[in-house]
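Me: Here is a model to go through. I will ask what justifies each label put on it.

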There are 2 protein chains.
Amino acid sequence: MRGKGGRQTIRDLAAMAGVSISTASKALNDTGRMGEETRQRVKRVAREIGFRPNALAQGLLSKRSFTIGLLTNDTYGRFTLPVMAGVSEALVDRGVSVFLCAIEDDPALGQVHVDAMLDKQVDGIIATGKRVDRRLPIDLSDVPVPVVYAFTEGGPDSVSFRSDDAQGARLAVEWLKASGRQRIVHVTGPQDFFSVRERSGAFRAVVGEGAAVLFGEWSETWGRDAVDGLWSASGEKPDALFCGNDQIARGAVDALRERGIRVPEDVAIVGFDNWEIVAAQMRPPLTSVDMDLKELGRQAGLTILALAEGQPVEPGVRTLPCRLVVRQSCGVGSPETEKRR
Amino acid sequence: MRGKGGRQTIRDLAAMAGVSISTASKALNDTGRMGEETRQRVKRVAREIGFRPNALAQGLLSKRSFTIGLLTNDTYGRFTLPVMAGVSEALVDRGVSVFLCAIEDDPALGQVHVDAMLDKQVDGIIATGKRVDRRLPIDLSDVPVPVVYAFTEGGPDSVSFRSDDAQGARLAVEWLKASGRQRIVHVTGPQDFFSVRERSGAFRAVVGEGAAVLFGEWSETWGRDAVDGLWSASGEKPDALFCGNDQIARGAVDALRERGIRVPEDVAIVGFDNWEIVAAQMRPPLTSVDMDLKELGRQAGLTILALAEGQPVEPGVRTLPCRLVVRQSCGVGSPETEKRR
DNA sequence: GTCAAATGAGAAAACGTTTTCTCATCGAGA
DNA sequence: TCTCGATGAGAAAACGTTTTCTCATTTGAC
């Protein structure tokens, strides 16, 4: 029943229902005045032929394309994918689709993508990255559509979302303390990362100003090296490590095992990021702080939608709470459990 | 200079250049007849005001939206992201943007996404997955636009792309043999995976029908267990392991190290997938077969474009060659090198 | 029985392009 | 001087919707 050249148009629908185009449109949108019988007839025919309006034509008129762009420079997608999933989830049942544009760190490529999206009349752009204190390689401050920043630095007066790393760190440390750990060391990444400073600041605030914090890099190797350093030094050994990400935690656990130190009996470990593919696969499975990036994506999606609809949104940075996903590496809760603040 | 309500239209451009709308359009598209001076004037004004045509309006008329959809059920994006990168790279400079739709394994969600894309008049759909012998949870055989399958099973008469796993396996094994290894064992995933059968088949074809193949799961744990099994059995030990993926390889390397067996001196290891974040971070860095998913994505992108333009494309499965990325775990080539067939 | 208001439905304009016609004007050949 | 083809440029239709306007008919009150 479908015309050979493409989809059925409202013109076909109107003809089949025996009404004019305008009446057909009004019937479908529940607007205008007409007999109830007419309205139902049009709807029935529409259902029968599977009529779906051409979004391009609608967009041309309404100036809404029900399309947004997601810009990212995160190649591995470790942060972008959960964000994307959240955005998509929040928007799909409102009929909004998402253009994904991976721009590496190339400003020219970024410009090409942004131009292409603007040509396609996106209703808004969500900028996302792999680092909360760096900007994308392209300036979005004067694109003619709303912009929301998620997990990347926005400009002043921008709307941005990031996780509350300080709260996440507190969550981890308080959990360790509550389970009786006395000598907690924080092994984390390079100090020039904003999140490293946030987390270590919160760590010190809870544990005490003299608390040991070791800065390094985001690698397994650093996790091993840190453990080697700690355990080859003289004096009392830590009974818990709070690691800056799951890879560091992984390295630490491996190094501890090689030294015959038991996790979690002798040393409890908590990681950060809850990167399932690392954390859940480890022996023992890793307790880790989850930044809930999907929720962050959801919020960003809802916000860009609100902006696109012209609703006012207060500029500023919104921080979203982290969750602690408890697994066996910290000695409590054998079945996987979850703890919010 | 930009009007308050939105972007400049060709109407504004025409007015500023002192010509009619039709002349403006023809000038920009290098069609129609007009004085060279007029054409240049229009183009100059267009450049000055940064005019860009509304793609929705163009699409309405041309029936091309310069938009395609990428459908995936790969949550982690381990396979989808490289494919996506390739697709995007191939299409961006032709002005095509990509809708990314993650549908998990939910047919209803898939239908919602497909409908949304069709409403938006995508020129085609690329279906991609995490497993080459499984279909997406939604039937695309009668969508009214071209479909290309990449790294997922398409129906009969479909156009699909996948990597040549047999060739990849041969590449690995021949490399090991060429470097003098005599007793190679293949440790891989579950036998019901097509790629497992392809790879193990090729492995046996090269090494000999009696060659040892151990099927298990895609985890580090299985890599460890396999090594434990091999080394606790009596008789001669392998001098090389060809692992079905990088995680198995990782587990194997760890288990070997714990037994005091040196990699690559005593046992050479080759993985599969070349998942950078695992392979390059390992100690020693892992030699691994790379399926070149980005190139696969590029090909899929170019193909869907050809189909969208009405060019004929032969249906069938196209296999793309794998590359061997040589790192230190197989004892040759200290600097990272690459080998094609 | 008259008139105003309410009701049902279609005509037409609008969105921003591209494309096909149509129409002057100009120069050249007779 | 007349006509013919080329040239330059605009008018209008088309794409598929939504929305505003208009108009005829019916209903209700007097």
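Reply: Keep in mind that the model is predicted. On the surface near DNA strand C, the largest share comes from H2(B), which supplies six residues.

Me: What makes a residue count as near DNA strand C?

Reply: Its C-beta atom, placed from the backbone, has to lie within 6 Å of the strand. There are 27 residues around DNA strand C, and those that come nearest are A:Ser22, A:Met34, B:Ile10, B:Ser22 and B:Ala57.

Me: Which helices each supply at least two residues of that surface near DNA strand C?

Reply: From chain A, helix H2 (21-29) and helix H4 (55-62) do; from chain B, helix H1 (10-17), helix H2 (21-29) and helix H4 (55-62). By class, this surface has eleven nonpolar, 13 polar and three charged residues.

Me: And which residues are closest to DNA strand D?

Reply: A:Ile10, A:Ser22, B:Ser20, B:Ser22 and B:Met34, out of 28 that surround DNA strand D. Two or more residues of that surface come from each of helix H1 (10-17), H2 and H4 of chain A, and H2 and H4 of chain B. H2(A) gives the most, with six residues. The classes are twelve nonpolar, 13 polar and three charged.

Me: Why are residues of chain A and chain B said to be in contact?

Reply: Because their C-beta atoms, placed from the backbone, lie within 7 Å. In this sense 38 residues of chain A are in contact with 39 residues of chain B. On the side of chain A that touches chain B, H6(A) has the largest share, six residues. That side has 18 nonpolar, 13 polar and seven charged residues.

Note on methods:
Residues numbered from 1 in each chain as written. Chains lettered and ligands numbered in written order. Predicted model: local features only at pLDDT ≥ 70, side-chain atom pairs only at ≥ 80, totals over all residues. Helix = DSSP H or I, 4+ residues; strand = E, 2+ residues; numbered from the N terminus. Nonpolar A, V, L, I, M, F, W, Y, C, P; charged D, E, K, R; others polar. Contact = placed C-beta atoms within 7 Å.
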